Structure formats: structure tokens, C-alpha cells
Amino acid sequence: MLLMELPNEHQLTFNQYKDANTLFEAIQTRFGGNDATKKTQKTLLKPMYENFNAPSTESLDSIFNRLQKIVSQLAILGENISQEDLNLKFLRSLPSEWNAHVVV
């Protein structure tokens, strides 16, 4: 299943692995990036999280999905955000027309 999900140009490279475990490790090594890449990604994602804000034209689902994507990417890089912090960030990022709901 893993091999079938790879783009065609990578099929031959990874075809040599016979079990899913070694194949997955090889994929992570190839596409996971090194420590410097991960540090750079984390450095870029942190300000995105800290400065997260939602325009009034965006739906509530869309706002939540955008925030959750940033948090998930940070978690993959080892930067965990508590549920309480995430909830507060979400509430504080909502447009002003949501203020009545946020206060409640």
C-alpha cells in the first residue's frame, strides 16, 4: 500500500524494500528532512501560530482547519501545544463578530 502511494518517479527507488517497516523508514529518511530542515520549518511555523488571525469572511470550520493544520505540523516537528493553549488561540483569533460567543 505504501509503495502504491509514492509518485511514479520514486517507485523504482523504493521497490527494493520487502516489508512495510523498512519501506516506511526509508521513506521517512528520504522525505523527512534533516535536523536543519526541521528546525527551519519549526522556525517558520511558530510565528504562523503566534500571529494566527482569522478574517471575518472566513467560516468557522475553515478557521479551525487552518489552525489545526499549523498545530499538526508543529507536533510532527516535536513542538507540542497544549489543548488549553490551542483553545485560547482559537478563541482569540476569531473575528470581532464572534466576541459575544467567545465571552460566553
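**Packing of α5 and α6 and the nonpolar cores**

In this predicted model, helix α5 meets helix α6 through Leu60, Ile63, Phe64, Leu67, Gln68 and Val71 on the α5 side and Leu86, Lys89, Phe90 and Ser93 on the α6 side. By character, the residues of this contact comprise seven nonpolar, two polar and one charged.

The geometry of the pair can be described next. Two packed helices are characterised by the angle between their axes and by the distance separating those axes. Here α5 (residues 60-76) and α6 (residues 83-93) pack at about 140 degrees, and their axes lie 11 Å apart. The angle therefore makes α5 oblique to α6, since only angles over 145 degrees count as roughly antiparallel. The crossing of the two helices is right-handed.

The view now widens to the nonpolar interior. The largest nonpolar core has 13 residues, of which Tyr49, Ile63, Leu67 and Ile70 touch the most other members. Two or more residues come from each of α4, α5 and α6, and α5 gives the most, with five residues. Leu67 of α5 also takes part in the contact with α6. Neighbours within four places in sequence aside, Leu67 is in contact with Tyr49, Phe52, Leu86, Lys89 and Phe90. Apart from this core lies another, of six residues, including Leu3, Leu6, Leu23 and Ala26.

Ahead of α5, the loop that follows α4 (35-50) contains Glu58. Glu58 counts as buried because its relative accessibility is 14%, below the 20% cut-off. Not counting residues up to four places away in sequence, Glu58 touches Ile63 and Arg66.

Methods:
Residues numbered from 1 in each chain as written. Predicted model: local features only at pLDDT ≥ 70, side-chain atom pairs only at ≥ 80, totals over all residues. Heavy atoms only, no water. Axes fitted to C-alpha atoms, helices over the stretch in contact; angles between N-to-C directions. Helix = DSSP H or I, 4+ residues; strand = E, 2+ residues; numbered from the N terminus. Parallel < 35°, antiparallel > 145°, perpendicular 65-115°, else oblique. Left-handed = near helix turned anticlockwise from the far one by under 90°. Contact = heavy atoms within 4.5 Å. Nonpolar A, V, L, I, M, F, W, Y, C, P; charged D, E, K, R; others polar. Buried < 20%, exposed > 50% of the residue type's maximum accessible area, 1.4 Å probe, protein only. Core = buried A, V, L, I, M, F, W, Y, C linked by side-chain atoms within 4.5 Å.
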